[in-house]
Amino acid sequence: MATDFTSIPIIDISPLLAKCDDPKMEEDPGVYAVVRQLDQACREAGFFYVKGHGIPDSLIREVKNVAHKFFELPYEEKVKIKMSAASGFRGYQRIGENITKGIPDMHEAIDCYKEVKEGMYGELANQWKDATNDLSRKILRGIALALGGSPDEFEGERAGDAFWVMRILGYPGVPTANCLDPGNDIGCGAHTDYGLLTLVNQDEGITALQVRNLSGEWISAPPIPGTFVCNIGDMLKIYSNGLYDSTLHRVVNSSARYRTNFDTAVEPLEICKQKTDAAKKFERAVYGEHLVHKVLTNFV
Ligand SMILES: O=C(O)CCC(=O)C(=O)O
Ligand SMILES: [Fe+2]
């Protein structure tokens, strides 16, 4: 369970990345120091920033520019890639179409899920997806060690060919013009993420993401240049038998500026019961069923 944290830790993961594919990575003191910080952050907040992540600044800037340009397009253009049953629930959703706990969210988005057909998202999105999936895999190697497992706990049979979700989100600033419910300023209602690990790439200069601590206070997660926000999802809570919790968070853009965000969540195809001495706290969940259930019940 999360604690009464008042800020979100920043972890320099470069020592972990440097040794990530070394068979003796566990023995490296730099890796060990990162693993300890990951463990503490996952236990106390379920959220942390990573710096030293190795994804070039130029790529980060490019995806943000492309996202801003897309959201600036007229609705008739954006709706050409509308999300529908026929598109496998991939594609564009207008402001207010995404619902969390019965309330329309003040964001528009493009949802991309793992797809067999390579190349369908365009070159830049594929490049981004590859870079963020690779980074997630490396962070998960550190988290696997933090849980006392082997580094490849979340690879191979469990999540080797991981399902991933990429959401490109746009949050209008206040006043919320052209939205379905102008009285609502919640960009994304309080929820936990369904997967293993989410990487959040927020626009600079706008503080909108908020994370709830044990007392119910909302702690801001402002954008910090050169970092990603990482948060753990429901699958990791089950994997860790509750040692790590998926923390509630929400987005409130009370600035006047339009905010974008690229989320990439890496998910296992099927969850396994964690081998711990403690009694099993959660029922076995199949990831795909969990995802569909959360989406269909609007994250209640
Ligand atoms: O926009 C953000 O900062 C986070 C969005 C979010 O929580 C999500 O898409 O799951
Ligand atoms: Fe989220």
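# A guided tour from a loop to the iron site

Begin by selecting aspartate 152, which counts as partly exposed because its relative accessibility is 42%, a value that falls between the 20% and 50% limits used for buried and exposed residues. Keep in mind throughout the tour that this is a predicted model. Aspartate 152 sits in the loop between H5 and helix H6 (156–159), and its side chain is joined to that of serine 150 by a polar contact of 2.7 Å. If you also select glutamate 204, you will have two residues that are 52 residues apart in sequence and, from C-alpha to C-alpha, 34 Å apart in space.

Next, turn to the nonpolar interior. Select Phe48, Trp128, Ile139, Ile143, Phe154, Leu197 and Leu236, the residues with the most contacts inside the largest nonpolar core, which has 61 residues. Which helix gives the most to this core? Colour helix H5 (residues 123–146), and you will have marked the one that does, with 10 residues. Then centre the view on isoleucine 143, which, when residues up to four places away in sequence are not counted, touches Leu38, Cys42, Phe48, Phe154, Leu197, Leu236 and Tyr244. There is also a second, separate core, made up of 19 residues, and Ile8, Ala45, Ala109 and Ile206 are among them. As a general rule for soluble globular proteins, nonpolar side chains tend to be buried together.

Now select the iron ion (ligand 2) and display the protein donors around it, which are His191 through NE2, Asp193 through OD and His249 through NE2, at 2.1 to 2.2 Å from the ion. Histidine 191 belongs to strand S8 (residues 186–191) and histidine 249 to strand S13 (residues 249–252), so this pair ties together parts that are 58 residues apart in sequence. Along the chain, the spacing of the donor residues can be written as H-x1-D-x55-H. Are these two histidines buried or exposed? Both histidine 191 and histidine 249 are buried.

Move from the ion to ligand 1, and show the residues around it, which include the three names His191, Asp193 and His249 as well as Leu169, Val200, Leu209, Val251 and Asn261. To look at its polar surroundings, select three side chains in turn: an oxygen atom of ligand 1 lies 2.6 Å from an N or O atom of tyrosine 171, one lies 2.8 Å from such an atom of arginine 259, and one lies 2.5 Å from such an atom of aspartate 263. Taken alone, ligand 1 exposes 300 Å², and the protein buries 94% of that.

Select asparagine 253 next, in the loop between S13 and strand S14 (259–267), where it counts as buried because its relative accessibility is 4%. Its side chain has a polar contact of 2.8 Å with the side chain of serine 255, and a polar atom of the asparagine 253 side chain lies 3.0 Å from the backbone oxygen of arginine 257. Leaving aside neighbours within four places in sequence, the contacts of asparagine 253 include Tyr171 and Arg259, two residues that also appear around ligand 1.

Finish at glutamine 210 in strand S10 (residues 209–212), which has 16% relative accessibility and therefore counts as buried. The side chain of glutamine 210 makes a polar contact of 2.6 Å with that of arginine 250. Apart from residues up to four places away in sequence, glutamine 210 touches several others, including Trp218, Leu248 and Val252, and also His249, which brings you back to a donor of the iron ion.

How values were computed
Residues numbered from 1 in each chain as written. Chains lettered and ligands numbered in written order. Predicted model: local features only at pLDDT ≥ 70, side-chain atom pairs only at ≥ 80, totals over all residues. Heavy atoms only, no water. Donors = N, O, S within 2.8 Å, 3.2 Å for Na, K, Ca; no water. Helix = DSSP H or I, 4+ residues; strand = E, 2+ residues; numbered from the N terminus. Buried < 20%, exposed > 50% of the residue type's maximum accessible area, 1.4 Å probe, protein only. Core = buried A, V, L, I, M, F, W, Y, C linked by side-chain atoms within 4.5 Å. Contact = heavy atoms within 4.5 Å. Near = heavy atom within 4 Å. Polar contact = N/O pair within 3.5 Å; in protein donor to acceptor, adjacent residues only side chain to side chain. Areas by Shrake-Rupley, 256 points an atom, 1.4 Å probe, with all protein chains shown as cover.
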